[in-house]
Amino acid sequence: MTKGKLILITGPSGVGKGTIVRELLNRHSQLYLSISATTRSPRPGEVNGKDYYFVNPCQFEAMIASQTLLEWAEYTGNYYGTPRQQVETKIEQGRWVILEIEVQGARKIKKNFSNTLSLFILPPSFAELEHRLRNRGNNSDTDIHKRLEQAKLELQAAVEFDYQIINDDLDAALQRIETVIFSECSQ
Ligand code: ADP
Ligand code: 5GP
């Protein structure tokens with residue numbers, strides 16, 4: 001059986017990772033998005049089991065202890081992690097699995113899974129990143145501040161990943177990402 005592939009999409013919060021991934025999933029049925037677990041509270045409209053598995057810190061720590069997570073990280077005061085089994089099952093079925101995660105977790109995946117295709121999404125400027133985070137309208141000022149501080153560190157890590165994609169014009173970024181994914185994944 002043809003085995004699947006891990007496609008890692010990382011970059012700072014607000015850069016457009018979720019927007020890009022949603023569009024990729026709409027366009028390409030062979031892609032599968034791993035649903036993460038998190039201890040952060042759901043935003044209005046977010047659905048448990050669709051956007052995230054929303055769990056409490058105790059449940060998350062039990063997942064860490066039982067090694068049911070492929071990777072996990074603490075990010076701006078909450079835990080985020082990738083449930084192992086769904087990813088392994090889909091890869092076994094030959095699916096191309098997208099992990100949309102922050103940089104610390106992305107580093108762990110790159111280290112442990114050598115055949116991962118990794119993409120780092122960059123904003124056209126730091127000011128635009130801040131503008132997108134503020135305009136998205138679903139984070140408090142304190143949280144936005146923490147995310148921007150974290151973004152300064154994360155942006156320095158861009159070169160560690162296979163491809164750096166600037167998300168300025170969304171369609172242009174998507175086109176570049178599709179080229180990267182489909183030429184790499186067909187090899
Ligand atoms: P992330 O998942 O990386 O945190 P989102 O996908 O939630 O980021 O995008 C953050 C905000 O930026 C959203 O309001 C989204 O509509 C907007 N956005 C995404 N891509 C672009 C783009 N290329 N140009 C302008 N705004 C964008
Ligand atoms: P948000 O709170 O905006 O949904 O996510 C915050 C950050 O956590 C984003 O950069 C997002 O990509 C990342 N993230 C989401 N799920 C996971 C995960 O399973 N593992 C890790 N390491 N990061 C994640």
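Start by selecting strand E1 (residues 5-10) and strand E7 (residues 96-100), which pair in the parallel sense over five bridges. Two strands count as paired here if DSSP finds at least two bridges between them. Strands (E, at least two residues) and helices (H or I, at least four) are DSSP runs, numbered from the N terminus. Keep in mind that this is a predicted model, in which local features need pLDDT of at least 70 and side-chain atom pairs count only at pLDDT 80 or more, while totals for chains, interfaces and linings use all residues. Residues are numbered from 1 along each chain as its sequence is written, chains are lettered from A and ligands numbered from 1 in the order in which they are written, and side-chain values use heavy atoms, with hydrogens and water left out.

**Stop 1: around E7**

Show Leu-6 as sticks and look across to E7, where its bridge partner is Val-97. Now add strand E2 (residues 31-33), which also pairs with E7 in the parallel sense, over three bridges. Here Leu-33 stands opposite Ile-98 of E7. As a reminder, strands of a sheet pair through backbone hydrogen bonds, either parallel or antiparallel.

How many of the five residues of E7 are buried? Four are, and the strand is mostly covered. Buried means under 20% relative accessible area, exposed means over 50%, and partly exposed is in between (1.4 Å probe, protein chains only).

**Stop 2: the loop before E2**

Step back to His-28, in the loop between helix H1 (17-27) and E2. Is His-28 buried or exposed? It counts as buried because its relative accessibility is 16%. Select Glu-178 and Phe-182 too: His-28 is in contact with both, leaving aside its neighbours within four places in sequence. Contact means heavy atoms within 4.5 Å.

**Stop 3: the four-stranded sheet**

Next, colour the open sheet of four strands, ordered E4-E3-E6-E5 with mixed pairing. Its edge strands are E4 (53-54) and E5 (69-75), each pairing on one side only.

Walk across the sheet from E4. Strand E3 (residues 37-38) pairs with E4 in the parallel sense over two bridges, and Thr-38 stands opposite Phe-54 in E4. Thr-38 is worth a second look, since its bridge partner in E6 is Tyr-80. E3 and E6 run antiparallel and are joined by two bridges.

Carry on to E5, which six bridges join to E6 in an antiparallel run. Leu-69 stands opposite Pro-83 in E6. E5 and E6 form a hairpin with two residues between them, and Thr-76 in the turn has a positive phi of about 40°. E6 itself is mostly covered, with five of its six residues buried.

**Stop 4: two helices across the sheet**

Turn on helix H2 (residues 57-65), which lies across E3, E5 and E6 (78-83) and runs at about 45° to E6. Axes are lines fitted to C-alpha atoms, for helices over the stretch in contact, and angles run from 0 to 180 degrees between N-to-C directions. Asn-56 caps the N-terminal end of H2, with a side-chain oxygen 3.1 Å from the backbone nitrogen of Cys-58. Just after H2, Gln-67 takes a positive phi of about 55°.

Then add helix H3 (residues 84-92), which lies across E4, E5 and E6 at about 30° to E6.

**Stop 5: ligand 2**

Centre on ligand 2 and show the 16 residues that surround it; the closest are Ser-36, Arg-40, Tyr-52, Tyr-80 and Glu-102. A residue is near a molecule or strand if one of its heavy atoms lies within 4 Å of it.

Three distances to display:

- Arg-40: a polar side-chain atom lies 2.6 Å from an oxygen atom of ligand 2.
- Glu-71: a polar side-chain atom lies 2.7 Å from a nitrogen atom of ligand 2.
- Glu-100: a polar side-chain atom lies 2.8 Å from an oxygen atom of ligand 2.

Taken alone, ligand 2 exposes 510 Å², and the protein buries 96% of that. Accessible areas come from the Shrake-Rupley method with a 1.4 Å probe; for residues, only the protein chains shown count as cover. A polar contact is a pair of N or O atoms within 3.5 Å; within protein, one must be able to donate a hydrogen and the other to accept it, and residues adjacent in sequence count only if both atoms are side-chain atoms.

**Stop 6: ligand 1**

Finish at ligand 1, where Gly-14, Gly-18, Thr-19, Arg-136 and Asn-167 come nearest of the 13 residues around it. A backbone N or O atom of Gly-18 lies 2.8 Å from an oxygen atom of ligand 1.
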